[in-house]
Amino acid sequence: MSTENNKELIASGEMLPLMEEFYTIQGEGGYTGTAAYFIRIGGCDVGCHWCDVKESWDANLHPPTLTDTIVSNAKNYAKTVVVTGGEPLMWSLDYITSKLRTEGIRTHIETSGAYNLSGTWDWFCLSPKKTKLPLKECHQAADELKMIIHNANDFVFAEEQAAKVSSSCQLYLQPEWSKKEKMIPQIIDYVMKHPKWKISLQTHKYLNIP
């Protein structure tokens, strides 16, 4: 398959730069503890210094893979697929969500919201980053707002972002893993004073699973 043809298929979403795909237990947010098939797409320019998958940033390191093949793999494992990255909205996701939903698979996404919304989602997890803020359409689409708390200033940023999502959006504060011992007590105190928030923990890391 020619490089030029690959570019066309990537533009249409019929190919995606697949970094990895795996079946595991959702570790964070509103669906913690549930089985899901994760599709991690390469490419990200948001640049979080604490990112735990920096190897996902360069899309050129991850081979363009036929989306039909990805969907075929996913349907063998689970009825819920989580599309993540990298930053998945850098790519057109209309095709993959259409194919997944045709197979009766629920579509979830985890995104910074920094790029135009594409795809049809049963669950939209928005995790805003200060380095590249979400677009308005992503704030409006969010079912879940997951704010990573690295230091005390992040509580202010969390409230700024919470003011931009719908009233039905679930609100989560999650300690950045390397700072969890310091930040968890502060998060507990904050949630008890501001009970509209819930606590999210990276339980997959405690369970030592992907």
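This tour moves through a predicted model, from its nonpolar core to a helix, the neighbouring strands and one loop residue.

**The core.** Begin by selecting Leu 93, Leu 145, Leu 173 and Trp 197, the residues with the most contacts inside the largest nonpolar core, which has 43 residues. Keep Trp 197 selected and display its surroundings. Beyond its neighbours within four places in sequence, Trp 197 is in contact with Leu 145, Met 147, Ala 158, Glu 159, Ala 162, Leu 171, Tyr 172, Leu 173, Tyr 190 and Val 191. Another core, of six residues, lies apart from the largest one; Cys 44, Cys 51, Val 53 and Ala 114 are among its members.

**Strands β7, β8 and β9.** Next, select β7 (144-149) and β8 (170-175). These two strands pair in the parallel sense, over six bridges, and within this pairing Met 147 has Leu 173 of β8 as its bridge partner. Between β7 and β8 the chain passes through α5, in a right-handed β-α-β crossover. Strand β8 is mostly covered, with five of its six residues buried.

Add β9 (197-199) to the selection. Strands β8 and β9 run parallel and are joined by three bridges; here Leu 171 stands opposite Trp 197 in β9. The chain crosses from β8 to β9 through α6, and this β-α-β crossover is likewise right-handed.

**Helix α6.** Now select residues 180-193, which form α6. At 1.5 Å a residue, its 14 residues should span 20 Å, and the end C-alpha atoms are 19 Å apart, which agrees. Colour Lys 180, Met 183, Ile 187, Tyr 190 and Val 191, which are the buried residues to inspect in α6. Viewed down the helix axis, the buried residues fall within an arc of 95°, so they line one face of α6. An α-helix has 3.6 residues a turn, so residues three or four places apart point the same way.

On the face turned away from this buried side, find the exposed residues Glu 181, Lys 182, Met 192 and Lys 193. Return to the buried side and show what it packs against: β7, α5 (153-162), β8, β9 and α7 (203-207).

**Ala 142.** Finally, select Ala 142, in the loop between α4 (136-141) and β7. Is this residue, Ala 142, buried or exposed? With a relative accessible area of 4%, Ala 142 is buried. Not counting residues up to four places away in sequence, Ala 142 touches Phe 124, Leu 126, Val 165, Ser 166 and Cys 169. To end, draw a distance from Ala 142 to Thr 34: their C-alpha atoms are separated by 20 Å, and the two residues are 108 residues apart along the chain.

Definitions and conventions: Residues are numbered from 1 along each chain as its sequence is written. This is a predicted model: local features need pLDDT of at least 70, side-chain atom pairs count only at pLDDT 80 or more; totals for chains, interfaces and linings use all residues. Side-chain values use heavy atoms; hydrogens and water are left out. A nonpolar core is a set of buried Ala, Val, Leu, Ile, Met, Phe, Trp, Tyr and Cys residues joined through side-chain atoms within 4.5 Å. Buried means under 20% relative accessible area, exposed over 50%, partly exposed in between (1.4 Å probe, protein chains only). Contact means heavy atoms within 4.5 Å. Helices (H or I, at least four residues) and strands (E, at least two) are DSSP runs, numbered from the N terminus. The expected span of a helix is 1.5 Å times one less than its number of residues. The arc is that of the directions from the helix axis to the C-beta atoms. Two strands pair if DSSP finds at least two bridges between them. A crossover is right-handed if, with the strands pointing away from the viewer, the path from the first strand over the helix to the second runs clockwise.
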